[in-house]
Amino acid sequence: MTEIDQPKIEESLDPPDWATLHSTAHQIIDDAISHVRDVRDRPLLQDMPTAVRDAYAAPLPLGSTALDDVYAELKSNLLPYPMGNIHPRFWMWYMGSGSFSGALGEFLAAIDGSNLGGGNFAGALMDGQVTNWLKKMMGFPETASGTLVSGGSMANIVGLTVARNALAGIDVRSEGVAAIKQPLSYYASDQAHSCHQKAVELLGLGNKALRRVPSDSDLCMNLAELRRRIDEDRDAGRRPACVIATAGTVNTGAIDDLKAIRQLCDAEGLWLHVDGCIGALMTIAPENRHLVDGIEYADSLALDPHKWLHAPFEAGCAIIKDAALHRDAFAVHPEYLEEKPRGIAAAEYLQDYNLQTSRGFRALKIWMTLKEHGVEKFGRLIDQNIAQARYLTEMVNEDAELELAAPTTVNIVCFRYKPAELADDALETLNTEIMIRLQESGTAAVSDTTVKGRHCLRAAICNHRTRLSDLELLLREVKAVGLEVLENG
Ligand SMILES: *Cc1c(COP(=O)(O)O)cnc(C)c1O
């Protein structure tokens with residue numbers, strides 16, 4: 001028998017000493033609990049010293065470092081300098097504020113380690129269960145399909161892809177978009193999220209195929225303008241294919257008239273995709289769910305558990321009414337990915353419902369928080385944020401130095417500091433400076449935007465830690481900082 005060379009030492013990534021790992025890991029958990037518990041007592045943002053910034057240019061580590069030391073570095077260089085969105089006074093852009101059980105879910109998902117591309121194991125069943133729960137929450141039938149993806153942008157891409165393939169009139173998967181005989185048109189309001197532009201570009205339809213329909217003074221899609229564009233496109237030999245209605249726009253929270261758009265889509269033979277990244281979860285909020293009535297009639301729907309379910313990033317979900325069309329858009333079964341009658345491959349491949357092959361175990365963090373708190377609590381928290389936004393709106397309306405810049409529909413309040421009759425560009429400079437100073441001082445984070453040509457500050461309250469007193473503080477600080485800027489520059 002010939003001798004086979006054997007490696008001298010066989011290594012693995014497991015710790016040589018599990019007892020040391022035990023103490024480091026427990027320390028991390030203890031610190032993590034204090035980190036979240038004390039978030040209100042810390043400034044939302046603190047200045048990052050140059051030495052910390054420079055640490056992120058450190059070279060590739062060739063050798064090893066004890067885990068304790070690795071963690072010590074994170075403790076000094078990372079954890080004190082987060083974006084700030086878990087803080088009770090973060091209302092910038094639009095995102096959730098996390099939760100401890102969600103974080104534990106992320107951790108346990110990584111410990112379980114499963115790849116949710118599909119297969120016959122508990123995690124895959126949980127992925128299906130969470131998708132079914134989300135369908136149920138949205139009022140979709142059991143026969144609908146769904147898939148957990150990275151976020152709302154990807155969920156929208158999934159929906160818009162199924163729409164394209166269903167309406168193209170040819171087999172787009174084999175022939176390609178160039179073979180589509182009548183160019184397709186999609187329609188969205190001028191308030192639609194920018195991810196739809198990326199989506200139509202990626203789908204090969206081109207940015208011009210996304211018709212921007214003007215919005216009314218309430219920032220909802222103007223349906224007469226929508227009809228006019230559909231007619232124009234038909235006359236020009238194009239094929240009107242899909243209306244993207246927004247349930248909660250990112251600028252102001254406006255909700256397009258979902259029922260009327262559904263009727264129009266039925267009459268015209270169009271697909272209805274609803275971008276519900278902000279508003280879809282209102283279906284579980286008892287006081288406000290009527291605002292998104294009709295969302296269940298969408299052909300496809302995008303929603304974002306990392307917004308109002310506060311799942312740690314990333315977690316989005318696409319739901320498609322016709323599961324067969326969904327599958328037809330993405331399923332591929334190469335010889336190395338075939339379903340088998342028994343064993344680990346004895347299940348439907350979850351990757352058949354989106355673009356990814358390997359998929360993270362996103363379901364666990366959602367499952368864990370939903371299970372711990374129950375859907376009813378999430379519904380109450382959504383109602384709470386909306387009530388807080390209405391309170392903020394009233395305070396703005398009652399204050400002569402503040403001006404509401406757009407109607408508040410749900411949890412987004414657009415306003416500006418206007419202590420005197422200043423020109424619009426002077427007000428823009430002033431309000432931008434207020435916004436930046438509030439961020440830099442770690443007091444509160446709001447964003448800014450422009451609504452119907454008017455620049456304003458924007459507080460998007462998707463935060464389960466916010467209290468009314470935080471919003472009172474916001475307005476006090478806006479005015480105090482504004483006065484300071486006016487008086488001392
Ligand atoms: C947040 C948002 C998106 C994008 O979702 P991501 O999760 O950030 O990818 C799309 N549409 C609307 C209306 C949004 O609010």
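Trainee: Why does Lys307 count as buried?

Mentor: Lys307 has a relative accessibility of 11%, and buried means under 20% relative accessible area, with exposed over 50% and partly exposed in between (1.4 Å probe, protein chains only). Since 11% is under 20%, Lys307 counts as buried. This is a predicted model, in which local features need pLDDT of at least 70 and side-chain atom pairs pLDDT 80 or more, while totals for chains, interfaces and linings use all residues. Residues are numbered from 1 along each chain as its sequence is written, and side-chain values use heavy atoms, without hydrogens and water.

Trainee: Where does Lys307 lie, and what does UniProt list for Lys307?

Mentor: Lys307 sits in the loop between strand E7 (300-303) and strand E8 (316-320); helices (H or I, at least four residues) and strands (E, at least two) are DSSP runs, numbered from the N terminus. An unreviewed UniProt entry lists Lys307 as "modified residue: N6-(pyridoxal phosphate)lysine". UniProt positions follow the numbering used here, feature names are shortened, and annotations may be inferred rather than shown by experiment.

Trainee: Which residues come nearest to the ligand?

Mentor: Of the 14 residues around the ligand, the nearest are Ser153, Asp275, Asp304, His306 and Lys307. A residue is near a molecule if one of its heavy atoms lies within 4 Å of it.

Trainee: What makes the approach of Ser153 to the ligand a polar contact?

Mentor: A polar contact is a pair of N or O atoms within 3.5 Å; within protein, one must be able to donate a hydrogen and the other to accept it, and residues adjacent in sequence count only if both atoms are side-chain atoms. A polar side-chain atom of Ser153 is 2.6 Å from a ligand oxygen, and a side-chain N or O atom of His306 is 2.7 Å from an oxygen atom of the ligand. Gly152 places a backbone N or O atom 2.7 Å from a ligand oxygen. The protein covers 86% of the 380 Å² of accessible area that the ligand has on its own, by the Shrake-Rupley method with a 1.4 Å probe.

Trainee: How do you know that Asp470 forms a salt bridge with Arg40?

Mentor: The closest N and O atoms of Asp470 and Arg40 are 2.9 Å apart, and a salt bridge is a side-chain nitrogen of Lys or Arg within 4 Å of a carboxyl oxygen of Asp or Glu. The 2.9 Å value is within 4 Å, so the pair qualifies. Asp470 is in helix H15 (residues 468-488) and Arg40 in the loop between helix H1 (18-37) and helix H2 (50-55), so the bridge ties together parts 430 residues apart in sequence.

Trainee: Why is Asp470 called buried, and why does Arg40 count as partly exposed?

Mentor: Asp470 has 2% relative accessible area, under the 20% limit, so Asp470 is buried. Arg40, at 25%, falls between 20% and 50% and is therefore partly exposed.

Trainee: What ties Lys479 to Asp399?

Mentor: Lys479 and Asp399 form a salt bridge, with their closest N and O atoms 2.6 Å apart. Lys479 lies in helix H15 and Asp399 in the loop between helix H13 (375-398) and strand E9 (402-404), so the pair joins parts 80 residues apart in sequence. Lys479 is partly exposed at 24%, whereas Asp399 is buried at 19%.
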